[in-house]
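Thanks for asking me to look over this one. My notes follow as numbered points, with the model on screen beside them.

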Amino acid sequence: TARANLNPLIIEGVLPGEAPEMVAVTSPLKEVSSTHLEVRLEGWQVLVVDRQSTNGTVVTAPGRDPQRLRPGEPVPVTPGTHVNLADEVMFTFEVEA
């Protein structure tokens, strides 16, 4: 289990002008792009942004249908949301008290 602080967080990517915490993910099939996903905190809301990835990102919020992200378009996530990178790597957004 990998844990990261949101300040902002980018999974294998770069956010110009910021000092993000980088999280490398294992991609045995090489389906996850080198600049795949950004996770950021805006106010009290956590957002995920597909960073023009080749194979896409799908989010599934609790009780909702899967949603494929449009590149560059921030989407809010709530606790329990599953984020799937290129149908190869998945993580679940959780909040600890």
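1. Let me begin with Gln-67, keeping in mind that this is a predicted model. Gln-67 counts as partly exposed because its relative accessibility is 38%, which falls between the 20% limit for buried and the 50% limit for exposed. Its place is in strand β6, made up of residues 67-68. Not counting residues up to four places away in sequence, Gln-67 touches Thr-57, Val-58, Val-59 and Val-75. Its C-alpha atom is 9.6 Å from that of Val-83, a residue 16 places away along the chain.

2. Stepping back to the whole fold, the protein has nine strands and zero helices, so the pattern along the sequence reads β-β-β-β-β-β-β-β-β. There are 97 residues, of which 34% count as buried. If you take the contacts between residues at least 6 apart in sequence, 39% join residues at least 24 apart. The accessible surface comes to about 6300 Å², and carbon and sulfur atoms account for 50% of that surface.

3. Next, the core. In soluble globular proteins, nonpolar side chains tend to be buried together. Here the largest nonpolar core holds 14 residues, and the members that touch the most others are Leu-37, Val-48, Val-59, Leu-69 and Leu-85. At least two residues of this core come from each of β3 (37-42), β4 (45-50), β7 (75-77) and β8 (82-85).

4. Val-59 deserves a point of its own. Which residues is Val-59 in contact with, leaving aside its neighbours within four places in sequence? They are Val-48, Asp-65, Pro-66, Gln-67, Leu-69, Val-75, Thr-81, His-82 and Val-83. Val-48 and Leu-69, both in that list, are also among the core members that touch the most others.

5. Val-59 and Gln-67 come up again in the lining of the second largest pocket. Rolling a probe the size of a water molecule over the atoms shows where empty space is left. About 150 Å³ of space lies in this pocket. Its lining consists of Val-59, Thr-60, Ala-61, Arg-64, Asp-65, Gln-67, Val-75, Pro-76, Val-77, Thr-78 and Thr-81. By class, that lining has five nonpolar, four polar and two charged residues. β5 (57-60) and β7 each supply at least two lining residues, and β7 gives the most, with three.

6. Please take a look at the backbone of the loop between β8 and β9 (89-92), where Ala-86 has its place. Ala-86 has a positive phi of about 55° although it is not a glycine. Asp-87 lies in that loop too, and its phi is likewise positive at about 55°, again in a residue that is not a glycine. Are these two residues buried or exposed? Ala-86 counts as buried because its relative accessibility is 8%, under the 20% limit. Asp-87 counts as exposed because its value is 71%, over the 50% limit.

7. One last loop to check is the one between β2 (21-23) and β3, where Thr-35 lies. Thr-35 counts as partly exposed because its relative accessibility is 33%. Its C-alpha atom is separated by 6.1 Å from that of Arg-51, although the two residues are 16 places apart along the chain.

How values were computed. Residues numbered from 1 in each chain as written. Predicted model: local features only at pLDDT ≥ 70, side-chain atom pairs only at ≥ 80, totals over all residues. Heavy atoms only, no water. Core = buried A, V, L, I, M, F, W, Y, C linked by side-chain atoms within 4.5 Å. Buried < 20%, exposed > 50% of the residue type's maximum accessible area, 1.4 Å probe, protein only. Helix = DSSP H or I, 4+ residues; strand = E, 2+ residues; numbered from the N terminus. Contact = heavy atoms within 4.5 Å. 1 Å grid on protein atoms, 1.4 Å probe; cavity = no way out; pocket = protein on both sides within 12 Å on 5 of 7 lines; lining within 4 Å. Points joined across faces, edges and corners; volume = space filled by probe spheres on them. Nonpolar A, V, L, I, M, F, W, Y, C, P; charged D, E, K, R; others polar. Areas by Shrake-Rupley, 256 points an atom, 1.4 Å probe, with all protein chains shown as cover.
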